[in-house]
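Hi,

Here is the structure I promised to pass on. Have a look at it first, and then read my notes below.

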Amino acid sequence: MGIVEEAHNLRVVGEGKRGVIVLAHGFGTDQSVWKHLVPHLVADYRVVLFDTMGAGPTNPDYFDFSRYATLEGYALDLLAILEELGMASCIYVGHSVSAVIGVLASISRPDLFSKLVLLSASPRYLNDVDYYGGFEQEELDELFEAMRSNYKAWCSGFAPLCVGGDLESVSVQEFSRTLFNIRPDIALSVAQTIFQSDVRTLLPLVSVPCHIVQSTKDLAVPVVVSEYLHKHLGGDSIVEVMPSEGHLPQLSSPDIVTPVLLRHIQHDIAF
C-alpha cells in the first residue's frame with residue numbers, strides 16, 4: 001500500500017463501466033457520510049472513497065499544520081490521489097469544503113475532471129461588501145474560542161445546529177461521532193482554514209462544468225451563495241436547490257438528496 005493510499009484510507013469499490021466517481025466528504029465527517037449514495041453507484045461506476053487529512057480515521061501524525069493552513073494543501077492531496085490511482089478523468093462529488101477543494105484542483109488539472117458536483121459549497125463564509133456568506137468575524141471568533149475551550153461540549157452543540165435535527169436523531173448522532181473523532185487541535189486548525197478561506201477570485205478560472213446542489217435551509221451556506229457560484233464560475237454551471245434542511249443533507253435527508261445527486265452525476269448540463 002502506497003503512502004497516499006494509507007494516509008487517506010483510500011478505497012475503490014464497484015466494477016461499473018460508466019466511469020469513475022470520486023466522493024469527497026466535508027469537515028467533521030469521513031467517507032462513511034456517503035453510505036446512502038454508494039450502493040446506487042457501484043453497479044455502474046468505479047467509486048473512489050477517501051478521508052481528507054485530519055479527519056478522524058486518518059493518522060494525526062500525517063497532519064501538517066503548515067500544509068493545511070490553506071485549501072491548496074488539500075487540493076494537492078486530491079491530485080495526488082488521482083495520480084496514485086492513474087485516473088484519466090472522473091466525476092467529482094464534493095461536499096462543503098471538499099467542493100471547493102475540487103474547484104481548486106480542477107483549475108490546475110481540468111483534464112482530470114469531466115464534471116464537478118458541488119454539494120453545500122461556499123467560496124467564502126464571511127460576509128463582505130456586496131457579498132453575503134452567512135457569518136460575521138465575531139461569530140467565527142466565538143466559534144473558534146468555543147472549540148478551543150471545550151471541544152466535546154462544542155461538538156454536542158454544533159452537531160444538531162449543523163445537521164438540522166435534535167440530539168436523538170440518527171444523523172446528528174452520526175455527525176457527532178465523526179466530529180468527536182477528530183483530534184481537537186486539528187479540528188480547530190481545519191475549521192479556521194475553512195471558515196477564513198476566500199476563493200472568490202479564482203472562480204472565473206474554473207472551466208469544468210459544475211452542478212451546484214444546495215439545501216433550502218443550511219446553517220453554514222445561505223441559498224444566495226449557490227447563485228453567487230453559478231454567476232461567477234468560469235465554465236457552464238447549473239443550480240438545484242433541494243427542499244432539505246441542514247448542511248449535511250446526505251445524512252439528514254438521504255431520500256431527498258440521493259436521487260438529486262444521482263441525476264446530476266448521470267446527466268450533463270442541458271441548455
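**Around Phe 144**

Let's start with one residue: setting aside neighbours within four places in sequence, Phe 144 is in contact with Leu 188, Ala 191, Gln 192, Phe 195 and Gln 196. Keep in mind that this is a predicted model. Phe 144 sits in helix H4. Is it buried or exposed? Phe 144 has 4% relative accessibility, so it counts as buried, the cut-off being under 20%. If you want a distance to try out on screen, take Phe 144 and Leu 219: they are 75 residues apart in sequence, and their C-alpha atoms are 16 Å apart in space.

**The whole chain**

Now zoom out. The chain has 10 helices and seven strands. Its C-alpha atoms fill a box of roughly 50 × 45 × 35 Å along the principal axes. For 271 residues, a compact globule would have a radius of gyration near 18 Å, and the chain, at 17 Å, agrees with that. Of those 271 residues, 56% count as buried. If you take the contacts with a separation of 6 or more, 76% of them are between residues 24 or more positions apart. The accessible surface comes to about 11,500 Å², and carbon and sulfur atoms hold 54% of that.

**Aromatic rings**

There are 10 aromatic pairs in the model. One of them is Phe 135 with Phe 195: the ring centres are 5.6 Å apart and the planes stand at 70°, so this pair is edge-to-face. The two rings come from distant parts of the chain, 60 residues apart: Phe 135 is in the loop between strand E5 (113–119) and helix H4 (137–149), while Phe 195 belongs to helix H7 (residues 184–195). Both partners are hidden away, as Phe 135 is buried at 11% relative accessibility and Phe 195 is buried with a relative accessible area of 7%.

Compare that with Tyr 151 and Trp 154. Their ring centres are 5.7 Å apart and their planes are at 25°, so they count as stacked. Both lie in helix H5 (residues 151–163), and being three residues apart puts about one helical turn between them. Tyr 151 is buried at 6%, and Trp 154 is buried at 9%.

Two more things to find: Phe 63, Phe 65, Tyr 68 and Tyr 74 make up one aromatic cluster, and Arg 200 lies over the face of Tyr 131, 4.9 Å from the ring centre.

**Helix H8**

Which residues are buried in helix H8 (residues 223–232)? They are Val 225, Ser 226, Tyr 228 and Leu 229. Looking down the axis of H8, you'll see the buried residues fall within an arc of 155°, so they line one face of the helix. Part of what covers them is strand E6 (210–217) and strand E7 (237–245).

**His 8**

Last one. His 8 is in the loop between helix H1 (3–7) and strand E1 (11–13). With a relative accessible area of 5%, His 8 is buried. What does His 8 touch, not counting residues up to four places away in sequence? The list is Gln 31, Phe 50, Asp 51, Thr 52, Met 53, Asp 77 and Ile 81.

Happy exploring!

Key
Residues are numbered from 1 along each chain as its sequence is written. This is a predicted model: local features need pLDDT of at least 70, side-chain atom pairs count only at pLDDT 80 or more; totals for chains, interfaces and linings use all residues. Side-chain values use heavy atoms; hydrogens and water are left out. Rings of Phe, Tyr and Trp (its six-membered ring) pair if their centres lie within 6.5 Å; planes under 30 degrees apart count as stacked, over 60 as edge-to-face and the rest as tilted. Helices (H or I, at least four residues) and strands (E, at least two) are DSSP runs, numbered from the N terminus. Buried means under 20% relative accessible area, exposed over 50%, partly exposed in between (1.4 Å probe, protein chains only). A charge sits over a ring if NZ of Lys or CZ of Arg is within 6 Å of the ring centre and within 35 degrees of the ring normal. The radius of gyration is taken over C-alpha atoms; the globule rule is 2.2 Å times the number of residues to the power 0.38. Contact means heavy atoms within 4.5 Å. Accessible areas come from the Shrake-Rupley method with a 1.4 Å probe; for residues, only the protein chains shown count as cover. The arc is that of the directions from the helix axis to the C-beta atoms.
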